[in-house]
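Open the model in your viewer and keep the selection panel at hand. The stops below go from one sheet to the arrangement of the chains.

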There are 2 protein chains.
Amino acid sequence: MSSETQAPAKPAKVLVAAGDLKALVAGIFTARGASDADAATVADALVWANLRGIDSHGVSRVPRYTELFDKGESVADAAVTVERPRSAIAIVDAHAAPGPVALTRAADEAIACAREAGIGWASVRGTVHTGAIGYYTSKIAQAGYAAIGVVAGVPNMAYAGAKGAAVATSPLSVAVPAGKHELVLLDMATAVMALGRIAQLKAAGKELPPGVALTADGEPTTDPALAKVPTPVGGAKGAGMSLVFEMLASGLAANPIIPAYHSGSKEGRRHRQNAFLLAVDIAAFLPLDEFTATIDDTVDAIKSLPAADGTAEILVPGERGRRSHAERAAAGIPLGPKVWRELTEIATGLDVPVPAPFGG
Amino acid sequence: MSSETQAPAKPAKVLVAAGDLKALVAGIFTARGASDADAATVADALVWANLRGIDSHGVSRVPRYTELFDKGESVADAAVTVERPRSAIAIVDAHAAPGPVALTRAADEAIACAREAGIGWASVRGTVHTGAIGYYTSKIAQAGYAAIGVVAGVPNMAYAGAKGAAVATSPLSVAVPAGKHELVLLDMATAVMALGRIAQLKAAGKELPPGVALTADGEPTTDPALAKVPTPVGGAKGAGMSLVFEMLASGLAANPIIPAYHSGSKEGRRHRQNAFLLAVDIAAFLPLDEFTATIDDTVDAIKSLPAADGTAEILVPGERGRRSHAERAAAGIPLGPKVWRELTEIATGLDVPVPAPFGG
């Protein structure tokens, strides 16, 4: 099973309309106790990730949320609370609410702070699975603000010189509004390859590319059976980014993850995430339309560069995801049969109506 | 000349005491018209980089500053101006002042904003060579604030799919104060390998490691003679980071670099840099000593992890530079003969006294 052509025929994917999928996910979260508004927020964030082609952060996570509700590690109807100790900062305590609920609130708070003070920082304490962080920075950019976002979580990535999982694959996202172009959206994990992609290759029994994973002993490997820990992008650079992101996101939220995790306690290994979102009020620096014209010019300059051999088109961050969004919004979202089965089983168990897929 | 042992004996380095080197650099800048305070700031920033072992960002840059003064592209006695349009933001216009002067002012302004509003953002417009950006984030962290810093400059790095230099090797720095430990300091270029290190290998005629540079046609190469453009860390990730850093640093400073550079105009290719520094008032979130205790615990957790085979000690960001600092502060700073000759020639031409090195 070492190459694509020798693999058995894959079970066909199910195509579901984005609106139907949102209704299904919102129905599940409402049935588990979330308010209609919070359920719609979670559904919108997860389906957005699927639309963008980031399936690892989309509706495939629904079973994990319901499992966290069952274990009491996430609370579907948690009341998120906000402190505003100074004009430019907000501390959003998720009280174990799902990530999309806490981070959507944080995005609103960061914008509110920025409107008052020029920039705004919202720290998020104690949430679970945020989904794709680009969803929140995009929201901020759509409101005419520049955005930076970081999430910190439980260690699952290598660190230079250490055996095993040391730090998290903590993502960084930056979003900037443009004028005639769509907003520019960087959304990257600090790992070389996303965990979901490594899992896909492992499941297919395919050899991993060099440099993406280590064995349990901390040795580089391309053998999917031995690959235990993804490696940080750029070695010490990605590992260092992840570590300082934990210090900023978890440290300022007064909810450190790394020391408790490595203490070996069961509580310390519990799934949880912290984050921060930063909004910059561009209009406080220069007229917004001058800024967005600059971003357009910058995008045009990059896309107009001479292309290297074999490159059909030079892309800017977010462009690939936006095309996926347009295609999937029109044609439906392809879901693997396992994901679709899990979703329909959960929905059926909660008396939530299951939409008819386009095909199967 | 493909291995170290076959290379001819290297000319001996000159060892200069850090204080003497600062006095020499400050003397040169004063003689070129800088105020005593500004000259001392530049000297401190450059010698700091040498102390930390980042020789590419240290006193070897002095000839380049004087060349920029000669061409009128930098102004030794420029009066940096500051606008404070909102409580949490400052716009620092360098008016072509040397980077250390502009960014030291920006660090002070970011802290002043953060003291008032909880966080502070200082954009820097139109400076030249900032030196090592970790110098400024460290200053902010030493004052008890968390710091993020970014510099944008003239394109000198590859971008996925493009031939030639497309974006800059724009660095990211994050600094966080600790308690019993020294502050944690990440300071990384968005390139795989620093330009200075590639130049060293090229000068020595040594083969480059794979993945660090492209030819003029955008093809990967390990041949130092063909290597023209360094590659971004993590491919599209490093390139994307660099591009959004330009948008944030140059876009908010209303001084875009990339569109003008790629327009091909001579003016567009002129050396210049923009930056931003962010300061976070930790005490607005939680008591500072609780935060620094968390950072200590996090550092301890990482350093106590089981080490991979062949690793003597696990390091956190900034630790290697701090050790270099201690060693070089005691033993003197080693300078290559070319750098020392250039400095002494410039100093002699300006009637600035040249200190006696430790050895030669």
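In what order do the seven strands of the open sheet in chain A run? Select them in this predicted model and read across: β2-β3-β4-β10-β5-β6-β7, with mixed pairing.

Go next to the two edges. On one edge of the chain A sheet is β2, residues 81-86, and on the other is β7, residues 184-188. Each of these strands has a pairing partner on one side only. Looking over the sheet as a whole, neighbouring strands are turned by 15 degrees against each other on average, with direction ignored.

Stay at the β2 edge and add β3 of chain A, residues 89-93, to the selection. β2(A) and β3(A) run antiparallel and are joined by four bridges. To pick out a single pair, label A:Val82 and A:Val92: the latter, in β3(A), is the bridge partner of the former.

Now select helix α5 of chain A, residues 134-142. The strands it lies across are β5 (145-152), β6 (172-176), β7 and β10 (273-281) of chain A. Relative to β5(A), helix α5 runs at about 165 degrees.

Finally, show both chains. A turn of 180 degrees, with a shift of 0.0 Å along the axis, lays chain A on chain B with an RMSD of 0.0 Å. The two copies are therefore related as by a two-fold rotation axis. To find where chain A comes closest to that axis, select A:Gly234, whose C-alpha is at 3.0 Å. Both copies use the same surface, since 100% of the contact residues of chain A recur in chain B.

Technical notes. Residues are numbered from 1 along each chain as its sequence is written. Chains are lettered from A and ligands numbered from 1 in the order in which they are written. This is a predicted model: local features need pLDDT of at least 70, side-chain atom pairs count only at pLDDT 80 or more; totals for chains, interfaces and linings use all residues. Side-chain values use heavy atoms; hydrogens and water are left out. Copies are superposed by least squares on the C-alpha atoms of residues with pLDDT of at least 70 in both. Contact means heavy atoms within 4.5 Å. Two strands pair if DSSP finds at least two bridges between them. Axes are lines fitted to C-alpha atoms, for helices over the stretch in contact, and angles run from 0 to 180 degrees between N-to-C directions.
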